[in-house]
Amino acid sequence: MCEKVEQIGEVCLVQLQPHGLIIDTPGKTPSGHFYDATRLVQVDYLNITPLGIESTISEGEHVLDIHHINHPDKKYGDNDLICIGFTSHYDAMREKFGEHMLNGTAGENIIIDYSEEVWPADLSKKLGIENQDSDEMAILEVKRFAAPCVEFSQFCIGNQYEKLPATKQKEILKFLGNGRRGFLLVLDNKHNVVTVRSGDKVFLLSE
């Protein structure tokens, strides 16, 4: 049975990606794609299931996150169903790139307010998010850090229409890597559906 080891902040933002953030722009950008952070939708809560994340947006529509297994546009495998990030990492990104790097701009579903930057070695195998009303614990298994893409790196520098020199591109991707751009998790399969919203506490868990 998992037990709390250490609190590492509180949830301060939850959001969905109803659609991918990278759109085709053939001939208009160096890569032929454009990173569009305006496609993110902040919501009041997330329902997390073994199949991924879903919620109800302000218009009353029930929406699946694009990483949900049942989303028609889902790509890749089944170990990227949930993405978390930390405010400390956005503080570092704003210092380097500017004020346009708002919390959640990289597309994470859950942003955790925490003063220290968090790296893979800092995370246990599992995290817990405690529902502030029911005290129910959502147990999430950490899979890996989210690798940054070229399009997001171009967004970071505030210019998606000019190709970066290879050395500059490499330097930015390295800065965003190793967890600074976020971590990928899945719901522990002992749970069916859990709800997460701003104000919930986040813990490192022991096995």
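Select Gly128 in strand β10 and Ile139 in strand β11: in this predicted model, the two residues stand opposite each other. Extend the selection to the whole of β10, residues 126-130, and β11, residues 137-145; the two strands pair in the antiparallel sense over five bridges. They form a hairpin with six residues between them. Within that turn, select Asp135, which has a positive phi of about 65°.

Remain with β10 and add strand β14, residues 201-206. This pairing is likewise antiparallel and runs over five bridges. To locate it, display Glu130 of β10 together with its bridge partner in β14, Lys201.

Next, show the side chains of β10 alone. Lys126, Gly128 and Glu130 point one way from the strand, while Leu127 and Ile129 point the other way. Are these residues buried or exposed? Each of them is buried, on either side of the strand. Because five of the five residues of β10 are buried, the strand is largely enclosed by the rest of the structure.

Move now to helix α3, residues 166-176, and colour Gln169, Ile172, Phe175 and Leu176, the buried residues of the helix. Turn the view until it looks down the axis of α3: the buried residues fall within an arc of 130°, and they therefore line one face of the helix. On the other side of α3, select Ala166, Thr167, Lys170 and Lys174, which are exposed.

The following stop is strand β9, residues 110-113, which has partners in both senses. Strand β1, residues 3-16, pairs with β9 in the antiparallel sense over four bridges; select Leu13 and Ile111 to see two residues that stand opposite each other in this pairing. Strand β8, residues 82-86, pairs with β9 in the parallel sense over three bridges. Here the residues to select are Phe86 and, opposite it in β9, Ile112. Add helix α1, residues 87-97, to the display: β8, α1 and β9 make a right-handed β-α-β unit.

Finish at the largest pocket, whose volume is about 790 Å³. Which of its 27 lining residues are the closest to its centre? Select Gln17, Ile22, His67, Tyr76 and Arg181 to display them. Then highlight strands β2 (22-24) and β3 (33-35), each of which supplies at least two residues of the lining. Colouring the lining by class shows 13 nonpolar, six polar and eight charged residues.

How values were computed
Residues numbered from 1 in each chain as written. Predicted model: local features only at pLDDT ≥ 70, side-chain atom pairs only at ≥ 80, totals over all residues. Heavy atoms only, no water. Pairing = 2+ DSSP bridges. Right-handed = clockwise from strand over helix to strand, strands pointing away. 1 Å grid on protein atoms, 1.4 Å probe; cavity = no way out; pocket = protein on both sides within 12 Å on 5 of 7 lines; lining within 4 Å. Points joined across faces, edges and corners; volume = space filled by probe spheres on them. Nonpolar A, V, L, I, M, F, W, Y, C, P; charged D, E, K, R; others polar. Buried < 20%, exposed > 50% of the residue type's maximum accessible area, 1.4 Å probe, protein only. Arc of directions from axis to C-beta.
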